[in-house]
2 protein chains.
Amino acid sequence: MAKEKLSIVKIGGNVIENKEALETFLEHFSKLKGKKVLVHGGGKRATYMASKLGIESKMINGRRITDADTLEVITMVYGGLVNKNIVAKLQGLDVDAIGLTGADVNAIKSEKRPVKDIDYGFVGDVKKVNHKAINKLISAEFTPVFCAITHDKKGQLFNTNADTIASELAIGLSNLYKVELFYCFEKNGVLMSVDDDDSVIDYMDSGTYEVLKHEGVFHDGMLPKLENCYYAIENGVSRVFIGNPSVISNKDQKFTTLYL
Amino acid sequence: MAKEKLSIVKIGGNVIENKEALETFLEHFSKLKGKKVLVHGGGKRATYMASKLGIESKMINGRRITDADTLEVITMVYGGLVNKNIVAKLQGLDVDAIGLTGADVNAIKSEKRPVKDIDYGFVGDVKKVNHKAINKLISAEFTPVFCAITHDKKGQLFNTNADTIASELAIGLSNLYKVELFYCFEKNGVLMSVDDDDSVIDYMDSGTYEVLKHEGVFHDGMLPKLENCYYAIENGVSRVFIGNPSVISNKDQKFTTLYL
C-alpha cells in the first residue's frame, strides 16, 4: 500500500523574529493540506533574552556554547515563549497544534555531544526519533510543533540544532509516511550565485549537488543545510523543498527541489 | 459500565521552587498507579524572572496583574522552563509525560476576565475543557502535564489560576472517568486550627464544610482552595484529597478527604 504523505516544515529565526513574517507563514502553513509537522528554531530571541538576564552568549567557531544558564534561557524562549505562541496562533487558524520538545512523549532522544577539542555544554546529538509515539499524535489529527530541544531520557534537556531536528524527524517518520521536507528561509531557494536572488536552482539531484559543491558554488551558511538535506534524502525522505515560506501553500513560484 | 479511575494531581509553587521537594514529589507521582494528569503552578519563579528582566510585578488585592510583558514571562517560565523540566524528569522516571498549555490540542479555552473595577490584563476565565482532545492523549497512555496557561482559540494566551485549571480539568474529565483530585501543598491536610499542624480534618462533607466555614475556621488562603474543591465535587468529581505530596502514593498518613 502506498504510504500517506506527511509534510515536515522547518522555519528559521528570520521568520520567528518578525511578527508579520511569522503570521504570514502561519497562514501559509494552515493552508497546507494533509498531515503535517512544524519545526522551529528560536533565532536571536534567546541571545537577546540571555543578554537581558546578564548571561553571556559564548560562541566558538560560530556555535553557541550551552551552559546551564543558557539552557534555561533556551528552554524558556524556544520551549515556552516561541513554541506556545505559535501553537496559540495556529489554533486561531484552526490547525489543531500541539507544542513539543523532544522530551514530550519521549519524541527525540539525544546524547550530550562528546567533548573533543570543545565542550559545547548541554548540546545533544540526536540518537533516536520515537516515530511511533509521534505518530500517535499525528494519527489523532494533531499537528506537532517542535522546538529545537531534546532530552536524554534521564531527566536532562539538551539544545539541538533545529535543521537537524527537522531532518531526523523526517527520516524517522519516513518509516510510516512518504515525507516531504520543506526548509523555509529568506531566499527563494538555493542560489547558483549568492549575490543573485534570481539564480534559484530549480532541481538538484545528489550527483549534481556533489559536482556543484566541489566547484565551490555553495557558501558556508548553505553548505551544512544542504548536507543535512541530502542526509535526509539518502535515508528515506522523498523530497526536500527549499524556498521562502509561501512555497508550502503555493508552488507557482521559484523554489528548489532536492532529490536522490 | 463503571468508569475507569483518573487521578488529577495539582502541585503548587512551594514544591516547584524546591529542587529536592520537586524530585521527591515526582517520584511519588511516578508511583501513582493508573491514568493520571499533573497540573502545576509556577510560584515565585515568574516573579523572580520578571524582576531580573526589569518588569514590575503589579499586585492588586494579592492578585497579579498580567500585562503583556508579564504574560511573556509567564509563558517562558511556566510553559517552558518549569513545564519542560518536569516532563524531562518524569520521562527519566518512565512516566510518558507530555507538557501542555490550554492552547495545545485546544485543551482549555478561556475568555479574558471582564473588566469591572480592576483590569487584570491577560487573565483568562475557563470557558471550556476539551475533554475529548485531552482524552485522546490519555487513551494513548500519555500523562498530560498542564501549566497554568489557557487561550481564547483566537491566538491569545492567558494566565489562569492553577487551582482553577485543576478543578476545571477534573470536572471536564468526569464526563469520561471517575476522577480523584489531589491538591498537594506544604501541610498534611486542611487544619481545624491553622497553628496546629496535627489538627488535620480527616473527612469533610459539603454540609460540614458550610458549618465550619461560617464558624470562621478556614483562613483566607485556604478558603478559595476549598471553594474550588467543592465546586469540583458538586460538578461530578468523585473525591478530593488535600495533603502533602507523598499522599498520592502513600495513604498511610494524615490527609483530608472532601466529598459531597
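Me: What makes strand β13 (residues 239-243) of chain B and strand β14 (residues 256-259) of chain B a pair?

Reply: In this predicted model, β13(B) and β14(B) are joined over three bridges in the antiparallel sense. Pairing requires at least two bridges found by DSSP, so the three bridges here satisfy the rule. Within this pair, B:Val240 stands opposite B:Leu258 in β14(B).

Me: Why are β5 (97-100) and β12 (203-205) of chain B placed at the edges?

Reply: The open sheet of chain B has eight strands in the order β5-β8-β2-β1-β11-β13-β14-β12, with mixed pairing. Both β5 and β12 of chain B have a single partner strand, so each is left with one side that has no neighbour in the sheet. From one strand to the next, the twist averages 20°.

Me: Why is the pair A:Lys10 and A:Asp163 called a salt bridge?

Reply: The side chains of A:Lys10 and A:Asp163 meet at 2.8 Å, N to O. The cut-off is 4 Å between a side-chain nitrogen of Lys or Arg and a carboxyl oxygen of Asp or Glu, so this pair qualifies. Side chains of opposite charge can pair when their charged atoms come close.

Me: What does the pair A:Lys10 and A:Asp163 tie together?

Reply: A:Lys10 belongs to strand β1 (residues 5-11) of chain A, and A:Asp163 to helix α6 (residues 162-173) of chain A; the pair therefore links parts that are 153 residues apart in sequence. Over all chains, the rule gives a count of 34 salt bridges.

Me: How do you know that B:Asp94 and A:Lys153 form a salt bridge?

Reply: The N to O distance between their side chains is 2.8 Å. That value lies within the 4 Å limit, so the pair is counted as a salt bridge. Between chain A and chain B, the count is six salt bridges. The two chains also have 14 residue pairs in polar contact, both residues at pLDDT 80 or more.

Me: Which elements of chain A supply at least two residues each to the side that touches chain B?

Reply: They are α3 (44-52), α4 (68-92), β5 (97-100) and α5 (131-139) of chain A. The most comes from α4(A), with 14 residues. By class, this side of chain A has 17 nonpolar, 11 polar and 11 charged residues.

Me: How many residues does each chain bring to the contact, and what area is buried?

Reply: Chain A contributes 39 residues and chain B contributes 39 residues. Between them the chains bury about 3,100 Å², with 64% of it on carbon and sulfur atoms.

Definitions and conventions. Residues numbered from 1 in each chain as written. Chains lettered and ligands numbered in written order. Predicted model: local features only at pLDDT ≥ 70, side-chain atom pairs only at ≥ 80, totals over all residues. Heavy atoms only, no water. Contact = heavy atoms within 4.5 Å. Buried area = accessible area lost by both parts, 1.4 Å probe. Polar contact = N/O pair within 3.5 Å; in protein donor to acceptor, adjacent residues only side chain to side chain. Helix = DSSP H or I, 4+ residues; strand = E, 2+ residues; numbered from the N terminus. Nonpolar A, V, L, I, M, F, W, Y, C, P; charged D, E, K, R; others polar. Axes fitted to C-alpha atoms, helices over the stretch in contact; angles between N-to-C directions.
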